[in-house]
Amino acid sequence: MASDTATKRPEGETGRPADPPQPSALARLAARARPYIVSQLTVVIVAVNAAALLVLVAGMFVITENQRGLIRAKQDSLTAQGDIIRNVIVQTAVIGAPAPRMNNDDARQVLAALFVPPETRALIHDRSGLLVADSQLQAGRVGVEVLPPPGENGGLAEHAGGVFDWIGDAFLTVALPAEERAARERTLREEVLLAIDEAQPIAGVRRGPNGRRVVSVTLPIQNVQAVVGAVTYESYDLDALVVAERMAIIPYVIFALVISIALATALTVYIAAPLRRLADAARQVRLAGGRRVPLPRMRGRKDEIGALGNAFSDMTEALYDRLDAIESFAADVAHEIKNPLTSIRSAAEVLPRARDDEKRARLIELIQLDVKRLDRLVTDISNASRLDAELAREDLTPVDLARLLGDISSTYENRAEPRAHIRLATETREPLALAHEGPLSRVFMNLLDNALTFSPEGGEVEVRVQRSASGGRGRLIVTIEDEGPGIPPENLETIFERFYTQRPVGAAFGSHSGLGLAIARQIVRAHGGRIFATNCTGPAGEITGARFTVELPALVS
């Protein structure tokens with residue numbers, strides 16, 4: 001290789017950059033889930049749903065605690081009333097010593113003499129658990145219950161009430177300790193026998209034959225330490241009290257419903273309204289037929305919808321710019337193709353009238369030159385039109401710019417008669433860029449073609465690779481300098497326009513289409529870089545050549 005390079009590679013390295021270590025599956029999963037976990041929109045949605053859930057849980061606990069409080073209060077009241085009956089029976093109906101026993105007739109008289117409220121019931125059992133007296137039977141009370149018409153099992157309200165009772169019982173059962181859940185599964189006989197065996201009060205809540213809940217307390221009747229029977233005091237008004245409590249909770253339910261509707265409405269406005277604006281804007285863009293339509297900007301939103309709106313606006317503006325560029329490109333192509341076609345037509349019209357062979361040969365040569373020019377123009381136009389598709393299809397790979405420039409320089413140096421010498425200097429380690437190697441090679445080949453074309457015979461073209469840390473991230477800078485006449489200051493930006501060409505004296509006519517630098521800028525911009533031209537100056541300020549600079553993001557900072 002004729003180029004000088006300051007690049008050093010470790011032993012055994014083949015020139016291809018080492019593959020970066022692959023992250024683990026867990027790391028890839030975490031990286032994929034991170035945008036959703038830290039998403040502001042996720043936080044809003046989770047907060048709204050959590051608020052509704054908290055309202056529901058709070059209501060459940062309020063209902064459960066109120067119901068448990070009612071049951072405890074009812075059991076305390078029944079215990080007090082049952083204790084009165086027990087004490088009277090111990091004083092008047094327990095006989096015998098040292099083995100006391102309960103006189104069943106006296107116990108019935110005691111129960112008959114006491115007042116038992118309508119919604120309660122007192123039961124007296126003997127030592128073996130057999131029923132001795134029942135306050136409802138002794139008072140002559142008969143339960144009255146309206147039955148549904150034949151063939152009907154109750155109305156919708158009854159079924160709905162049963163469902164609500166079942167749900168309430170389920171909530172309450174879940175919140176109860178294990179001992180209280182066991183108490184709810186006991187029958188009246190089991191409760192009586194347990195109170196007699198353990199000689200202590202036993203309380204419970206169960207379902208009666210008609211489905212109503214029954215709160216009961218069973219107290220052992222004992223003289224000193226001997227248990228002679230048991231008194232059970234039951235209450236049937238718990239369901240009515242629960243209904244009253246539920247009616248008292250209705251304002252809280254309405255409040256929770258209003259809060260849920262308000263949160264849902266706010267969430268709809270927060271999410272659906274901007275999406276509707278974006279959908280309407282997209283529909284207007286589709287129906288506008290290429291005419292620019294003002295797009296909604298969401299600069300104030302920092303969440304995903306704001307990012308979507310800004311990305312949509314930027315994408316649409318880019319499409320508008322691309323449409324304008326295509327229209328301008330089509331007009332430029334038509335103009336550039338018309339020139340050689342006009343020249344060919346004129347020469348073809350004059351050719352039959354040419355008198356001598358010299359004029360005829362000149363016209364034929366002119367036609368051939370215009371055909372070559374037209375062929376070169378069509379080829380470059382085809383390459384430029386396919387460039388975007390090529391950049392979109394190919395995958396980005398790590399490219400070593402020192403190796404790439406070295407290979408391109410060697411190609412030019414190995415020509416039969418190189419016009420100028422190429423000197424390559426690499427002033428940084430690992431000049432890697434994530435790029436499309438083929439299109440990037442075309443950029444540097446176009447720049448070297450320009451530099452060699454304008455360089456004097458035996459001159460030198462310097463290619464230098466450096467690194468810059470400006471902008472907070474490393475960037476690779478490639479400069480290509482020649483020793484030619486330079487670029488007029490007013491044309492430093494114009495030379496990158498399509499179909500602009502300015503060749504040195506003596507260059508073949510039609511050998512350049514004026515698209516080389518325009519294609520180079522298009523490729524560099526697609527890689528997130530920039531390209532610009534300046535002039536090299538001497539000590540006295542004179543122009544000593546042209547300098548083209550290409551900046552690309554570095555893969556390794």
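Two strands count as paired if DSSP finds at least two bridges between them. Helices (H or I, at least four residues) and strands (E, at least two) are DSSP runs, numbered from the N terminus.

The model is predicted, so local features need pLDDT of at least 70 and side-chain atom pairs count only at pLDDT 80 or more, while totals for chains, interfaces and linings use all residues. Residues are numbered from 1 along each chain as its sequence is written, and side-chain values use heavy atoms, leaving out hydrogens and water.

**Exercise 1. Work out the strand order of the five-stranded open sheet and find what packs on it.**

Step 1: Lay out the strands. The order is S4-S3-S7-S6-S5, with antiparallel pairing.

Step 2: Look at the edges. S4 and strand S5 (202–207) each have a single partner strand, so one side of each is left without a neighbour in the sheet.

Step 3: Check the twist. From one strand to the next it averages 25° (axes are lines fitted to C-alpha atoms, for helices over the stretch in contact, and angles run from 0 to 180 degrees between N-to-C directions).

Step 4: Zoom in on one pair. Strand S6 (residues 213–223) and strand S7 (residues 226–235) pair in the antiparallel sense over nine bridges, and Val-217 stands opposite Tyr-233 in S7.

Step 5: Add the helices. Helix H7 (residues 188–198) packs on the sheet and touches S3, S5, S6 and S7 (contact means heavy atoms within 4.5 Å); the direction of H7 makes about 175° with that of S5. Helix H8 (residues 238–287) lies across S5 and S6, at about 135° to S6.

**Exercise 2. Compare the settings of three salt bridges: Arg-121 with Asp-134, Asp-357 with Arg-360, and Arg-530 with Glu-551.**

Step 1: Fix the rule. A salt bridge is a side-chain nitrogen of Lys or Arg within 4 Å of a carboxyl oxygen of Asp or Glu. By this rule the count comes to 17.

Step 2: Take Arg-121 and Asp-134, whose N to O distance is 2.3 Å. This pair links distant parts of the chain, with Arg-121 in strand S3 (residues 120–126) and Asp-134 in strand S4 (residues 131–134), 13 residues apart. Asp-134 is buried at 4% relative accessible area (buried is under 20%, exposed over 50%, partly exposed in between, with a 1.4 Å probe and protein chains only). Arg-121 is partly exposed at 21%.

Step 3: Turn to Asp-357 and Arg-360, at 2.9 Å, N to O. Both sit in helix H10 (residues 357–393), three residues apart, about one turn of the helix. Asp-357 is exposed at 61%, and Arg-360 is partly exposed at 29%.

Step 4: Finish with Arg-530 and Glu-551, whose closest N and O atoms are 3.2 Å apart. They link strand S13 (residues 530–537) to strand S14 (residues 543–553), 21 residues apart. Arg-530 counts as partly exposed at 45%, Glu-551 as buried at 13%.

**Exercise 3. Decide where to be wary of the coordinates, using pLDDT, the predictor's confidence in each residue, from 0 to 100.**

Step 1: Start with the whole chain. Its average is 77, and 76% of the residues score at least 70.

Step 2: Rank the elements. Helix H5 (residues 156–175) has the lowest mean pLDDT (51), and strand S12 (residues 475–481) the highest (92).

Step 3: Flag the weak stretches. Over residues 1–17 the pLDDT is below 50. It also stays under 50 over residues 505–510, for which the model has four contacts beyond four places in sequence.

Step 4: Draw the lesson. Where pLDDT is low, the predicted coordinates shouldn't be read in detail.
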